[in-house]
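Dear colleague,

I am handing over the structure we spoke about, and below it I set out what was found in it. Please read the notes with the structure open beside them.

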Amino acid sequence: MEQVSRMEQEERTLPGLLRLLSERLRCSLLLEETGRHRILATWPPEATETAGNKAKAGDAVSADTVLALREKRYRLRLTTAADRRMDEAELSAALEIVRLYILIWDQACMEEDQEALVRAIIKNDRVRLLEAGRKLGFDFRKPKDLWILRMDRQEEENLLMCSETQWMALLQNTLDFFRESPRMALAARYDRSILVFADSMPYAELEEGLEEEWIKRLDEGARLYTFRGIASPAEVRKASWMVCQYETILEKIYRERIVFSGYDLHFAEICKMVLENGGDKAGGSDSLVACLREEEGGELLRTLETYYLDAEGNSQKTGEILFMHNNTVKYRLHKIRQKLGVDITKMPTNYNIYLALALERLAKVLNEKKF
């Protein structure tokens, strides 16, 4: 291991490793991925299956060892002169070095292929998409779940000096999380996003809480966008575009949330269109909630905003956000129902109020040209 650690960077390859072991053990080596019958490296370079033929003739002795790593199987063949006996301790150490190197090498190749796949999808490079997809066993014939991980814009300014380190840590945390989960996923960074793909599950409830558990393990300021049933590269590009276009609007509407869906992005698109077309820009929000603006110093409007947009219709969570007892929240909601003269929990009234409250928040920042 000490000799391996002293190898020059350009020598740290599979052939370079086998050369080092060959000199130490005085044997020739051949490493093969058995599933694909693909020879990964040999040393000396001419050490192929002819070594096995010599062994059969009695000129040499060969020993095969199978390594099973990350659902792949590798065969390491060592061939030495018939009159030389291999030292068992040295042989075990050599196998451990090869095993460790394969783990690192295989991971590096996989990450490179995943980056190539994501880049090909976003750039609409069909040739490279097919090539990377074939290596990874990835295609869109089976629908995918897509997660796009972004950093809060306020945090991005702090990433400028050490952005690569931050993003690498974020990607590594993501990969580690999915290795521990029952979902098989691939992930790669593209620009200021990390894209994660996994085969869609038949029932969404089977992975309930997955995003929340994942986001807890990430740095503060991370936001997650989820898309189900992605069936083509074009849908991935559309999802990525939607996130870039409307993430700022979602940050303004939902101050407490960090996990969003494609439906949330479509809602942000609607809000932006309404405001840009002059709806509720001058006179405030919809008439259903405009009358709440002056009631109790605006506290009723703030309670209703929090209830709908931040607490997702949960009075207990509304109280936690506003540092208010649950009974106080329920009392205020009752007063709001009386003031508006409608049931705020039933469609289509509750959708109209929901939209009006979102527009109310967005109207306050429209002139700041944040989006």
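Before the sheet is described, one term is needed: two strands are said to pair if DSSP finds at least two bridges between them. Please also keep in mind that this is a predicted model.

With that meaning of pairing, five strands form an open sheet, in the order 6-7-5-8-9, and the pairing within it is mixed. Strand 6 (185-190) and strand 9 (259-261) stand at the edges, and because each has a single partner strand, one side of each is left without a neighbour in the sheet. From one strand to the next, the twist averages 20°. Within this sheet, strand 5 (residues 144-151) pairs with strand 7 (residues 193-199) in the antiparallel sense, over six bridges, and Trp147 has Val196 of strand 7 as its bridge partner. Lying across strand 5, strand 7, strand 8 (222-230) and strand 9 is helix 9 (residues 233-253), which runs at about 145° to strand 8.

The largest nonpolar core holds 56 residues, and those touching the most other members are Leu146, Phe197, Phe227, Val236, Ile253, Leu304 and Tyr308. For Tyr308, leaving aside residues up to four places away in sequence, the residues touched are Gly313, Ile344, Thr345, Asn350, Ile353, Tyr354 and Leu357.

Which residues of helix 13 (residues 315-322) are buried? They are Ser315, Thr318, Gly319 and Leu322. Seen down the axis of helix 13, these buried residues fall within an arc of 100°, and therefore they line one face of the helix. Among the elements that cover the buried residues of helix 13 are helix 12 (299-310) and helix 14 (326-340).

Two cysteines and one proline may also deserve a look. Cys27 is buried, with a relative accessible area of 8%, and Cys271 is likewise buried, with a relative accessible area of 0%. As for disulfides, where the rule asks for a pair of cysteine sulfur atoms within 2.5 Å, the count comes to zero. Pro44 sits in the loop between strand 2 (38-43) and helix 3 (50-57), and Pro44 is partly exposed, with a relative accessible area of 28%. Although Pro44 and Cys27 are 17 residues apart along the chain, their C-alpha atoms are separated by 9.1 Å.

With kind regards

Conventions: Residues are numbered from 1 along each chain as its sequence is written. This is a predicted model: local features need pLDDT of at least 70, side-chain atom pairs count only at pLDDT 80 or more; totals for chains, interfaces and linings use all residues. Side-chain values use heavy atoms; hydrogens and water are left out. A nonpolar core is a set of buried Ala, Val, Leu, Ile, Met, Phe, Trp, Tyr and Cys residues joined through side-chain atoms within 4.5 Å. Buried means under 20% relative accessible area, exposed over 50%, partly exposed in between (1.4 Å probe, protein chains only). Contact means heavy atoms within 4.5 Å. Helices (H or I, at least four residues) and strands (E, at least two) are DSSP runs, numbered from the N terminus. Axes are lines fitted to C-alpha atoms, for helices over the stretch in contact, and angles run from 0 to 180 degrees between N-to-C directions. The arc is that of the directions from the helix axis to the C-beta atoms.
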